Protein chains: 2
Amino acid sequence: MSSARARTTAAELAAERRSPCPVACGLDLLGDRWTLLVVRDLLLGAERFKDFAASPERIPTNLLAERLARLLKHGVVEQTAAADGSRHPAYRLTAKGRALGPVVIALREWGLAWEKGTRLPRTP
Amino acid sequence: MSSARARTTAAELAAERRSPCPVACGLDLLGDRWTLLVVRDLLLGAERFKDFAASPERIPTNLLAERLARLLKHGVVEQTAAADGSRHPAYRLTAKGRALGPVVIALREWGLAWEKGTRLPRTP
DNA sequence: ATGAATACTTGCGATTTGTAAGTTAGTTTA
DNA sequence: TAAACTAACTTACAAATCGCAAGTATTCAT
C-alpha cells in the first residue's frame, strides 16, 4: 500500500470548501443556528452534555451530539476529564476554540446594540 | 378599529425568539451558511443581485432572493437607487448592517488564523 | 425593435431540522 | 450491592429547508 498521509492535502481542502474565503470557510463549520451557542456555553464554562442541553434555547439532544462531534473533529473542542472527577465525558475549548471568543463577543455586542429585548444573563 | 401599533411588543419578540441572549437572537437572523456571506459582499461594495450571485461560493438565486428579503425585513439592508443610475434594484447596508462589520471581521481573522488554505481575495 | 442581461420565481428531490421516544452507561441511595 | 436515578447519547420520523435546474418578467444595449 502507498504511504497514506494523515494530514489533509490542499486539494482535498479545496474540494470540501465553497471557496478559500476565511469567512465562507468559517461558516462551513459554524454557519447554523446552534453551533455558536455551544461555543458560547463553552466560553461561559459549560463542560458536560447536560450543561449545554440545559441552556435556555433547548438544543435538541441529537443535534447537540452531532455538533459536539463535529467540533471535536475540527479541533475546536477536546474531550477531557471532568473537573469534578466524574467519568462522564467533559468538553473543553482548544486554543482554536478559544480563538472564537471574538466572534461570539462581536455577535453579542451587535445583538445588544441592535436587537430590542436582548440582554445578558444575570450572573450575580 | 383599535389603534394598532406598528412596533413589535416585548411579548411578541419573546415569542419568536429562542431566548433573550443576544448571541442566540443574532443567530436567529444570521445563523446559516449564506447570510453572512451576503453581508460580507455588501461590506465589500456589492450592490446588485448579480454581484452577490457572482461571488465564488455561488449562492443559489432562490436563497439569495430570500436572504435579501429577510435582511430588508430586519433592517440590515435597504433598497436604494443604484450608484450607476440603472433601474435595477440596489442593496446597501443600513447602520444596523454596517454594525455587523466586526462580526464578519472576527470570523475572517479566525478563519485566516486557524483554517488552512484560506486567504483574502486578490484586490490589486 | 430585438437580443442579451438581470432579477427574480417555481418545482422538486435531497438533506437537515426538530420532536419524542428509546437505550446504555455512570452515579447515588438504601 | 442492588435498585433507582441521572446523564449521555441514539433512533425514528414528520416537517422544514436546501440546492439544483428551469422558467418568466423586466431592464438594458444596440
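**Two protein chains and two DNA strands: a walk through the model**

I would like to begin with one residue, R58(A), which sits in the loop that joins α4 to α5 in chain A. This is a predicted model, and in it R58(A) takes a positive phi of about 55° even though the residue is not a glycine. R58(A) counts as exposed, because 11 C-beta neighbours lie inside 10 Å, and the cut-off for exposed is 12 or fewer. In chain B, R58(B) likewise lies in the loop between α4 and α5, with a positive phi of about 55°, and R58(B) also counts as exposed with 11 C-beta neighbours inside 10 Å.

Let me step back to the chain as a whole. Chain A contains seven helices and two strands, and when one reads along its sequence the order is α-α-α-α-α-β-β-α-α. Chain A has 124 residues, of which 31% count as buried, and of its contacts with a separation of 6 or more, 39% are between residues 24 or more positions apart.

For the strands, I will take E78(A) as the example, a residue of β1, which covers residues 77-80 of chain A. E78(A) has 15 other C-beta atoms within 10 Å and is therefore partly exposed. The C-alpha atoms of E78(A) and L93(A) are 6.2 Å apart, although 15 residues separate the two in sequence. If we leave aside neighbours within four places in sequence, the contacts of E78(A) are R92(A) and T94(A).

Now to the helix α3 of chain A, residues 35-43, which is largely enclosed by the rest of the structure, because eight of its nine residues are buried. Those buried residues are T35(A), L36(A), L37(A), V38(A), V39(A), R40(A), D41(A) and L42(A), so the list takes in R40(A) and D41(A), which are charged by the classification used here. After α3(A) comes G45(A), with a positive phi near 105°.

How, then, are the two chains related? Chain A can be laid on chain B by a turn of 180° with a shift of 0.0 Å along the axis, and the RMSD of that superposition is 0.0 Å. This is the relation of a two-fold axis, and within chain A the C-alpha nearest to that axis belongs to D32(A), at 2.2 Å.

The contact between the chains draws 41 residues from chain A and 40 residues from chain B. On the chain A side, the elements giving two or more residues are α1 (10-16), α2 (22-30), α3 and α7 (101-114), and α7(A) provides the largest share, with 11 residues. By character, the residues on this side of chain A comprise 24 nonpolar, six polar and 11 charged. The copies meet through the same surface, because 98% of the interface residues of chain A are also interface residues in chain B.

In soluble globular proteins, nonpolar side chains tend to be buried together. Here, the largest nonpolar core has 54 residues, and V103(A) and V103(B) are the ones that touch the most other members. At least two residues of this core come from each of α2, α3, α5 and α7 of chain A, and the same holds for α2, α3, α5 and α7 of chain B. To look at one of these residues, V103(B), apart from neighbours within four places in sequence, is in contact with V103(A), A106(A), L107(A) and W110(A).

I will finish with the DNA. Which residues come nearest to strand C? Of the 17 residues around DNA strand C, they are P60(A), S86(A), K50(B), N62(B) and H88(B). The elements that give two or more residues to that surface are α5 (61-73) of chain A, with α4 (49-53) and α5 (61-73) of chain B, and its residues divide into five nonpolar, seven polar and five charged.

Around DNA strand D there are 18 residues, and those that come nearest are F49(A), K50(A), N62(A), S86(B) and R87(B). For the surface near strand D, two or more residues are given by α4 (49-53) and α5 of chain A and by α5 of chain B, and the division there is six nonpolar, seven polar and five charged.

How values were computed: Residues numbered from 1 in each chain as written. Chains lettered and ligands numbered in written order. Predicted model: local features only at pLDDT ≥ 70, side-chain atom pairs only at ≥ 80, totals over all residues. Near = placed C-beta within 6 Å. Helix = DSSP H or I, 4+ residues; strand = E, 2+ residues; numbered from the N terminus. Buried ≥ 20, exposed ≤ 12 C-beta atoms within 10 Å, placed from the backbone. Contact = placed C-beta atoms within 7 Å. Core = buried A, V, L, I, M, F, W, Y, C linked by C-beta atoms within 7 Å. Least-squares fit on C-alpha atoms with pLDDT ≥ 70 in both.
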